[in-house]
Amino acid sequence: MTTASTAATTAEVTEIDASARCPLLLLIGTALLWLVVSGALALLNLVQLHTPAYAAACSVMTYGRTQAMAETTFIYGWAASAGLAVTLWILGRLGGSPLRSLNWVGAGVIFWNLGIVLALVGIATGDATSHAWLQLPRYVQPLMLVAYGAIAVPGVLAWTGRRQETTYAAQWYAVAALFLFPWLFSAAQVLLTFVPTRGVLQALVAGWYVQGAWTLWLAPLALTAAYYLVPKVQGRPVSHYEYTALGFWTLLFVGAWTGGRHLIGGPIPAWVATVAAVACALLLIHYIIVALNLRGAFHTGGSTVLRFVALGLGAYLLGGVLDAVTAIRGVAVATQFTLVSAAQTQLALSGAFTLTLFGAIYFLVPRITGQPWASLSLLRAHFYSALIGTVILVVALAAAGFIQGQDLANPDVTFASIAAHLRPWLLVATAGQAVILIGNFLLLIHLGRTVCAARHAAAPATFRPAPTMEASAS
Amino acid sequence: MKNGLTFFLGLFVALALSFTGIVLGSHAQLGGLAPYYDENEGKAFPERMPGLAARGQLVYQDVGCAACHTQQVRRPDFGSDKARGWGDRQSVARDYVSQASVQLGENRIGPDLANFGSRALAVDADRLTKYLYEGHEGMPGFRFLFETRKVVGERSAKALDVPAPAGSEVVPTHRAEALVAYLQSLNNVYEYPEARPVEPAAETKEGGK
């Protein structure tokens with residue numbers, strides 16, 4: 001591994017970056033903090049999965065509650081904060097002027113994180129809603145919506161006040177994610193929490209929200225980063241750019257329709273599950289176009305940023321194919337209600353989203369602090385632990401889920417023996433989650449060291465020679 | 001994509017379409033679903049949950065039971081649900097119309113509970129309560145739903161038959177009693193008109209969809 005620059009020039013560290021330093025670092029710092037908390041909770045949750053008696057006597061740590069807490073801190077703590085930080089910065093850069101109204105971000109971040117802390121306390125004491133991805137207790141939900149609005153203000157202003165009429169794919173995905181999430185979030189809040197729908201409609205709304213939150217919010221946030229970084233780092237335009245718009249609109253129009261895929265064979269109208277299967281297949285168009293557009297990412301040229309983005313992209317494409325396959329009834333009969341869904345969720349969240357965002361953070365932090373990453377060995381350690389941990393976690397969960405599906409199909413196998421069959425794989429998955437957690441903790445420390453170094457740097461950071469801006473591995 | 005307004009409208013339409021299709025569409029189909037009145041039996045199904053069971057559903061929700069248990073039976077030719085004794089017919093939307101919070105669940109770490117009330121374990125409330133305290137077949141015990149207290153005067157009639165320190169007894173809290181009542185109330189065996197045709201079709205046509 002050597003330290004060699006890819007595309008960072010002195011001119012790149014502009015006023016746009018410097019002005020946004022504090023709010024964006026605050027967002028990224030809290031995001032990483034939540035990522036570590038979420039990782040620790042997920043680890044506890046996995047331990048409980050293979051050793052159910054662990055901490056079970058403690059009411060705040062039942063399996064259901066640790067799962068809800070790990071999920072909530074991951075999605076709202078890590079994914080939302082990191083995704084917003086990267087998206088705001090990219091919108092500012094592509095908009096061509098410094099981000100405005102950044103005080104809103106500061107205020108929003110405080111209330112957003114306050115909301116997550118409240119939610120954790122609420123879930124631990126039994127106020128979870130029991131809807132996947134929306135476990136936030138009812139008294140926290142409106143606060144989160146308002147805080148989100150505040151954080152998004154500079155992004156909206158950067159979009160409306162952009163200097164150029166022509167827009168880029170990264171901007172489409174960014175604006176879609178910024179605008180669609182509040183609509184989705186508020187609709188789900190009303191229909192699930194404040195004026196709950198009746199009967200199984202709750203499950204349908206919840207499925208629509210989960211799939212919408214992924215395809216209209218988190219996936220676009222990650223794609224914003226990917227569509228910005230790949231051409232930027234490589235210094236080459238996106239290939240087959242003429243198809244990009246088709247890929248974008250396919251995701252937007254078809255994405256949320258895939259929500260019924262978890263309810264195949266369930267007590268819902270059959271057309272919902274059928275439409276979901278068709279939508280999953282149609283969505284392959286989107287994945288093919290993304291692969292076509294961003295295949296350059298796989299020629300990393302030794303750039304750490306591109307390595308992370310390539311891994312994230314690989315996970316995203318694989319996840320899309322797996323979604324389509326498991327939405328087929330003949331496959332769903334074996335994979336439904338098993339840990340295969342957990343493996344798919346981890347592939348999307350810990351794989352596609354998180355790895356892409358790591359790439360973006362490695363690109364962004366040196367530019368807003370004006371300081372290169374402090375340690376190449378920390379960076380390397382994080383890369384390999386993220387890669388190895390995620391692969392182990394996803395593969396082990398999928399294997400466990402496959403065995404679980406086989407066992408469930410045979411009515412003679414008792415639940416005690418299913419648990420015994422799954423145990424070896426769950427131990428492996430726990431090890432994978434532990435490796436991920438260690439890696440993420442290293443990234444948090446690394447960020448702290450880099451920010452401290454930036455504060456103590458004597459010379460104005462903007463005059464630092466370009467080649468040291470980005471640590472790259474080869 | 002030069003026109004910001006068209007772009008913004010596109011975003012709105014994309015979300016509105018899926019909302020209209022999935023949420024409003026299924027609401028139009030199922031929103032008016034009412035309990036089915038059986039004239040022979042003189043009552044409507046599904047029956048309303050007794051008050052204690054309704055409180056038990058809140059315990060089920062807040063402890064997070066749905067993380068490991070589903071409450072949806074798939075039709076006899078789709079998976080082993082019937083063979084495992086979870087239900088003779090598939091769950092239908094009407095089964096859930098009187099539930100305040102529907103707990104379909106997404107993972108079967110433990111058995112499906114949609115018709116738990118009709119099983120032998122549920123009928124034996126003492127054994128069920130003891131399993132909730134001690135754990136059973138991989139399910140951990142939920143001891144925080146129980147109270148260990150000194151025996152004052154006579155031993156409580158509710159005291160569990162489990163080891164306890166000398167002079168003490170383990171009794172279920174109100175939450176444990178509510179949870180047991182809820183689990184006993186889970187029983188969707190009534191055959192609605194829409195639930196009937198599924199099984200004969202499955203018998204005549206093996207593996208049919």
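**Two chains, seen through their helices**

Q: Why are α3(A) and α6(A) called oblique to each other?
A: The angle decides. These helices, residues 63-95 and 169-194 of chain A, pack at about 135°, with their axes 10 Å apart. Angles under 35 degrees count as roughly parallel, over 145 as roughly antiparallel, 65 to 115 as roughly perpendicular, and the rest as oblique. The angle falls in none of the named ranges, therefore the pair is oblique. Axes are lines fitted to C-alpha atoms over the stretch in contact, and angles run from 0 to 180 degrees between N-to-C directions.

Q: What kind of model is this, and how are its parts numbered?
A: It is a predicted model: local features need pLDDT of at least 70, side-chain atom pairs count only at pLDDT 80 or more, and totals for chains, interfaces and linings use all residues. Residues are numbered from 1 along each chain as its sequence is written, while chains are lettered from A and ligands numbered from 1 in the order in which they are written.

Q: Which hand does the crossing of α3(A) and α6(A) have?
A: It is left-handed. That word applies if the near helix is turned anticlockwise from the far one by less than a right angle; clockwise would make it right-handed.

Q: Which residues of α3(A) and α6(A) meet?
A: A:Thr87, A:Ile90, A:Leu91 and A:Leu94 of α3(A) meet A:Ala170, A:Gln171, A:Ala174, A:Ala177 and A:Leu178 of α6(A). Contact means C-beta atoms, placed from the backbone, within 7 Å. By class, this contact has 7 nonpolar, 2 polar and no charged residues. Here Ala, Val, Leu, Ile, Met, Phe, Trp, Tyr, Cys and Pro are nonpolar, Asp, Glu, Lys and Arg are charged, and the others, Gly among them, are polar.

Q: How does the size of chain A compare with that of a compact globule?
A: The two agree: 474 residues would give a radius of gyration near 23 Å, and chain A has 22 Å. The rule is 2.2 Å times the number of residues to the power 0.38, with the radius taken over C-alpha atoms.

Q: What is the radius of gyration of chain B, set against that rule?
A: A compact globule of 209 residues would have a value near 17 Å, but chain B has 22 Å. Its C-alpha atoms fill a box of roughly 80 × 50 × 35 Å along the principal axes.

Q: What makes up the secondary structure of each chain?
A: Chain A has 14 helices and 0 strands. Chain B has 6 helices and 4 strands, in the order α-β-β-α-α-α-β-β-α-α. Helices (H or I, at least four residues) and strands (E, at least two) are DSSP runs, numbered from the N terminus.

Q: Why does B:Tyr182 count as buried?
A: It has 25 C-beta neighbours inside 10 Å. The cut-off is 20 or more for buried, 12 or fewer for exposed, and partly exposed in between, with C-beta atoms placed from the backbone. So B:Tyr182 counts as buried. This residue lies in α5 (174-185) of chain B. Beyond its neighbours within four places in sequence, it touches B:Ala53, B:Gly56, B:Gln57 and B:Tyr60.

Q: What share of each chain is buried?
A: In chain A, 61% of the 474 residues are buried. In chain B, 40% of the 209 residues are.

Q: How many residues link the chains?
A: 60 residues of chain B contact 64 of chain A. On the chain B side, α1(B) gives the largest share, 14 residues. That side has 28 nonpolar, 22 polar and 10 charged residues.

Methods. Contact = placed C-beta atoms within 7 Å.
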